[in-house]
Amino acid sequence: MKYKKLGRTDLTVSEICLGTMTWGSQNSEFEAHEQLNYAVGEGINFIDTAEMYPTTPRLKETTGRTEAHIGSWLKNRSDRDRLVIATKVTGEGNKDVRNGRRVDGATIREALEASLERLQTDHVDLYQLHWPNRGSYHFRKYWRFDPTTLETGDIDQEITDMLGEVQRLQDEGKLRCFGLSNESAWGTMKFLEASHRHGLPRIASIQNEYSLICRIFDLDLAEVSVMEDVGLVAFSPLAAGSLSGKYIDGTVPEGSRRTLQPNLNGRLVGQAELAIAAYAALARKHGMQPAQLAIAFCLTRPFMTAPIIGATSMEQLRMNISAKDIVLTEDIMAGIAEIHRQFPMPM
């Protein structure tokens, strides 16, 4: 396993991050602990969760259960200091958490302290704003995105309020660094500007969707990421499992995410299915599994801190982690580029 610095912080994270959003719904507490033990044994020290997890499906009565499953594992660890635990404060609009109110500094404190209790730890290493208060173009909203509809309010004051509370929580030892999620280039720069202007904590990372079939990060956000040392922690590098090839030809394996979300939250549409089949064929042509190709590709990106892998079975977990040993040749990268030109934005 290789390791990288998280932004400009002193935290070192594994190049693959373990995702957890199925724990407490599709996965039991025992299975969560089994995955954690195996991943840590393979060198993963970076674990990502959120206060609203699990999300397969997302239900009010299960909110927080994923953090609780991690907490029951974490409380018995003697190596807490070498683990990087990341979680998120739920954004504006989710009525199941704090009745969907807009996030401010006070919300960050309230949410973090509740997460610490569920996680059974005294600090979180990376705390992330799950999505911006003003709204965004993520989760396929880019097809109808209109920035004039965003509710920015006094965004400079809002960000200063959040980062001020982050500073106080850092001073108390309750969190180490702060990051964004589902953000834009403009939103990321607003946080960086506020940090510089007021001497407040600097964001360390951005957690956005990225995969072979979701590459909207490749341009402006990639430039911000590289130039400002705000690395991408990529969620859904397998596009909700579809890039493993398991749904090709309309197959729906029992217990899979597609049994809960038939089109995988807008990911599995006609053009995407054609692209997925092409990437799967490329992988098999070069003697690897489609999931390995998809994750290994993410590891080649210059802005990548870590893709977040998720699994509902140990077989899937082992396959996903094995991507760390895959080297993509120039021939394979050329094949990826050719498919990308044919299907630049397939979902």
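**Confidence**

I started with the confidence scores of this predicted model. The protein averages a pLDDT of 97, and 100% of the residues score at least 70. I then looked up where confidence is lowest and where it is highest. Helix 7 sits at the bottom with a mean of 97, while strand 4, residues 46–48, sits at the top with 99.

**Ser236**

My next stop was Ser236, which I found in the loop between strand 9 (231–234) and helix 7 (270–285). Is Ser236 buried or exposed? Its relative accessibility is 13%, so I noted Ser236 as buried, the cut-off being under 20%. I also checked what its side chain reaches: the backbone nitrogen of Ala240, at 2.9 Å. Setting aside residues up to four places away in sequence, I listed Glu209, Tyr210, Ser211, Arg267 and Ile308 as residues that Ser236 touches.

**Ser195**

I turned to another serine, Ser195, and placed it in helix 5, residues 185–198. Ser195 has 6% relative accessibility and therefore goes down as buried, again because the limit is under 20%. Not counting residues up to four places away in sequence, Ser195 touches Leu163, Leu200, Pro201, Arg202 and Ile203.

**Glu228**

Then I looked at Glu228, in helix 6 (residues 220–228). How much relative accessible area does Glu228 have? I read 24%, so Glu228 is partly exposed, as buried would need under 20% and exposed over 50%. For its contacts, I left aside neighbours within four places in sequence and found Arg8, Met189, Leu192 and Arg202. Arg202 was already in my notes, as a residue touched by Ser195. I also took a C-alpha separation here: Glu228 and Thr188 are 40 residues apart along the chain, and their C-alpha atoms are separated by 9.8 Å.

**Cavities**

After the single residues I went looking for empty space. Rolling a probe the size of a water molecule over the atoms shows where such space is left. How many cavities of 30 Å³ or more does the structure hold? I counted three.

The largest cavity has about 60 Å³ of space. I wrote down its lining as Leu129, Pro132, Asn133, Arg134, Ile155, Glu158, Met162, Glu183 and Phe191. Which helix gives the most to this lining? My answer is helix 4 (residues 155–171), with three residues. Sorted by class, the lining of the largest cavity comes out as five nonpolar, one polar and three charged residues.

The second largest cavity holds about 50 Å³. Around it I found His138, Phe139, Arg140, Tyr142, Asn182, Glu209, Cys214, Ile216 and Phe235. Glu209 rang a bell, being one of the residues that Ser236 touches. I sorted the lining of the second largest cavity into five nonpolar, two polar and two charged residues.

**Second largest pocket**

My last entry is the second largest pocket, with a volume of about 230 Å³. Its lining is made up of Tyr137, Ala185, Arg215, Ile216, Asp218, Leu219, Asp220, Leu221, His340, Pro344 and Met345. I had met Ile216 before, in the lining of the second largest cavity. By class, the residues lining the second largest pocket divide into seven nonpolar, one polar and three charged.

Technical notes. Residues numbered from 1 in each chain as written. Predicted model: local features only at pLDDT ≥ 70, side-chain atom pairs only at ≥ 80, totals over all residues. Heavy atoms only, no water. Helix = DSSP H or I, 4+ residues; strand = E, 2+ residues; numbered from the N terminus. Buried < 20%, exposed > 50% of the residue type's maximum accessible area, 1.4 Å probe, protein only. Polar contact = N/O pair within 3.5 Å; in protein donor to acceptor, adjacent residues only side chain to side chain. Contact = heavy atoms within 4.5 Å. pLDDT = per-residue confidence, 0-100. 1 Å grid on protein atoms, 1.4 Å probe; cavity = no way out; pocket = protein on both sides within 12 Å on 5 of 7 lines; lining within 4 Å. Points joined across faces, edges and corners; volume = space filled by probe spheres on them. Nonpolar A, V, L, I, M, F, W, Y, C, P; charged D, E, K, R; others polar.
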